[in-house]
Amino acid sequence: MIELRLLGTKCNIGCQYCYQNPLRNSGNGNSTYDLEKVFRILDDTGEPFILWGGEPLLLNIIDLEKVLSFGFERFGENNLLTNGILITEKHFDLFKKYNVNIGLSIDGPDELNDVRWAGTVERTREYTRIANENLVKLLQSDIATGLNFQITKCNSSPERISRMFDWLSSLDQLGLTTARIHVLEVDYSEKLKNHAFSTEENIVAFRQYKHFEKQLNNVRFDLFDNMRSQLLALEQPEDCVWSACDAYTTEAVSGIDGQGRKNNCGNTDKEGINFQKPRKQGYERYLALYHVPDKYGGCQNCRFFLQCKGQCPGTAKDGDWRNKSENCALFKVLFEEIEQEIVSEGITPISLHPNRKFWEKKLLDQWADGKNPPLYSLINN
Ligand code: SF4
Ligand code: SF4
């Protein structure tokens, strides 16, 4: 799916943990756009898109309608990711008219969302109140809406996590079905480290979310489903982080800016340079991680390598895409837990399968040949 970033990184908040901050701070987040040019490029690619920001609802309502009408005509639906603060009645009408699927990013109610700092306590809480009201209204209006949130000390510390669960339960009752949970990334700011859990604390918190999910009727946390799906070699999850992503081409994510230029997923833009998209992928990171021992930052002998592959290069240790993810220890614990669940169902997960080494060899050969097959096709072929 294409991330359509008409306004570059322009945003009404600019959260302190936003992965676009290096681009924003370097002044490389161009916010001018030429709709005719962009529509021509989108027609050439023929791929569906998601309206992305910064904050896409900063777009004036007339141009927003032109984009949504274009998307609806081509694909019968639209997708849009927002912080939920700028949604007006007119937006609700457009969302219904042009079949818009909304992703709304908010980390909880009231002070639980404070890490999404908007400059002052008053403004932060007011924005949180508005975004929460809009989230409820979207769910009540039957507009397809998913939730994105970060797990932080602010919303998931032992004294606060039950409030977070109450909030999620209320959204569950309103019909929320999907929630994407993220580890808080702190690589842009020393200040953020105060809000982030240590690895051990993250393990405790994520396991709590995993167990809490069982109490919900509708909501699924996609992280756990995607891990399970990888352990069973089912269809490739939508979430790109398990896909052996090349940091310089970010195969799963193609951005198109307001001038119709193609660029990469911003998660790897640690230096604030919005690299243009090269044509050819390389899988050197994955070939190297497979062979490098754990004590030197690699994934050697990890039985979850076929599933995880060192995970997203945007979360690599020390901000260096060549390393494995800084969240390795967390993923290992979660994979182990889900692996055991699968075993208890009488199924052998890929991680414990006698053919695992053979499949790993096949995948390495494919990468060396410049190909990156999804796990299910590698195994089923
Ligand atoms: S850098 Fe990470 S988030 Fe971006 S496309 Fe690659 S795997 Fe996905
Ligand atoms: S769990 Fe850790 S060691 Fe295993 S593949 Fe993932 S990042 Fe590498």
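Which side chain makes a polar contact with the side chain of Asn-372? I began my notes with that question, and in this predicted model the partner I found is the side chain of Trp-367, at 2.9 Å.

**Conventions.** I note that the model is predicted, that local features need pLDDT of at least 70 and side-chain atom pairs pLDDT 80 or more, while totals for chains, interfaces and linings use all residues, and that side-chain values use heavy atoms, with hydrogens and water left out. Residues are numbered from 1 along each chain as its sequence is written, and chains are lettered from A and ligands numbered from 1 in the order in which they are written.

**Entry on Asn-372.** I placed Asn-372 in the loop between helix H13 (356-368) and helix H14 (375-380), where helices are DSSP runs of H or I with at least four residues, numbered from the N terminus. Besides Trp-367, I found the backbone oxygen of Ser-243 at 2.8 Å from a polar atom of the Asn-372 side chain. For polar contacts I took pairs of N or O atoms within 3.5 Å, where within protein one must be able to donate a hydrogen and the other to accept it, and residues adjacent in sequence count only if both atoms are side-chain atoms. Not counting residues up to four places away in sequence, Asn-372 touches Ser-243, Ala-244, Glu-251, Tyr-283 and Trp-367, contact meaning heavy atoms within 4.5 Å.

**Entry on H10 and H13.** Trp-367 also led me to a helix pair, since the contact between H10 and H13 is made by Tyr-286, Leu-287, Tyr-290 and His-291 of H10 and by Lys-357, Glu-360, Leu-364, Trp-367 and Ala-368 of H13. The axes of H10 (residues 284-291) and H13 come within 9 Å and cross at roughly 145 degrees; axes are lines fitted to C-alpha atoms over the stretch in contact, with angles from 0 to 180 degrees between N-to-C directions.

**Entry on H9 and H12.** For helix H9 (residues 222-231) and H12 I noted axes that come within 10 Å and cross at roughly 65 degrees. The contact is made by Leu-223, Phe-224, Met-227, Arg-228 and Leu-231 of H9, and by Phe-331, Leu-334, Phe-335, Ile-338, Glu-339 and Ile-342 of H12. By class I recorded nine nonpolar, no polar and two charged residues there, with Ala, Val, Leu, Ile, Met, Phe, Trp, Tyr, Cys and Pro counted as nonpolar, Asp, Glu, Lys and Arg as charged, and the others, Gly among them, as polar.

**Entry on Glu-213.** Phe-224 of H9 came up again when I turned to Glu-213, which lies in helix H8 (residues 199-213) and, leaving aside neighbours within four places in sequence, is in contact with Val-219, Arg-220, Phe-221 and Phe-224. Is Glu-213 buried or exposed? Glu-213 counts as buried because its relative accessibility is 8%, buried being under 20% relative accessible area, exposed over 50% and partly exposed in between, with a 1.4 Å probe and protein chains only.

**Entry on the ligands.** Around ligand 2 I listed Cys-299, Cys-302, Phe-305, Cys-308, Lys-309, Gly-310, Lys-324, Cys-328 and Lys-332, a residue being near if one of its heavy atoms lies within 4 Å. Helix H11 (305-308) and helix H12 (328-344) each supply at least two residues of this shell, which has five nonpolar, one polar and three charged residues. Ligand 1 is surrounded by residues including Cys-240, Cys-245, Cys-265 and Cys-312, and its shell divides into seven nonpolar, three polar and no charged residues.
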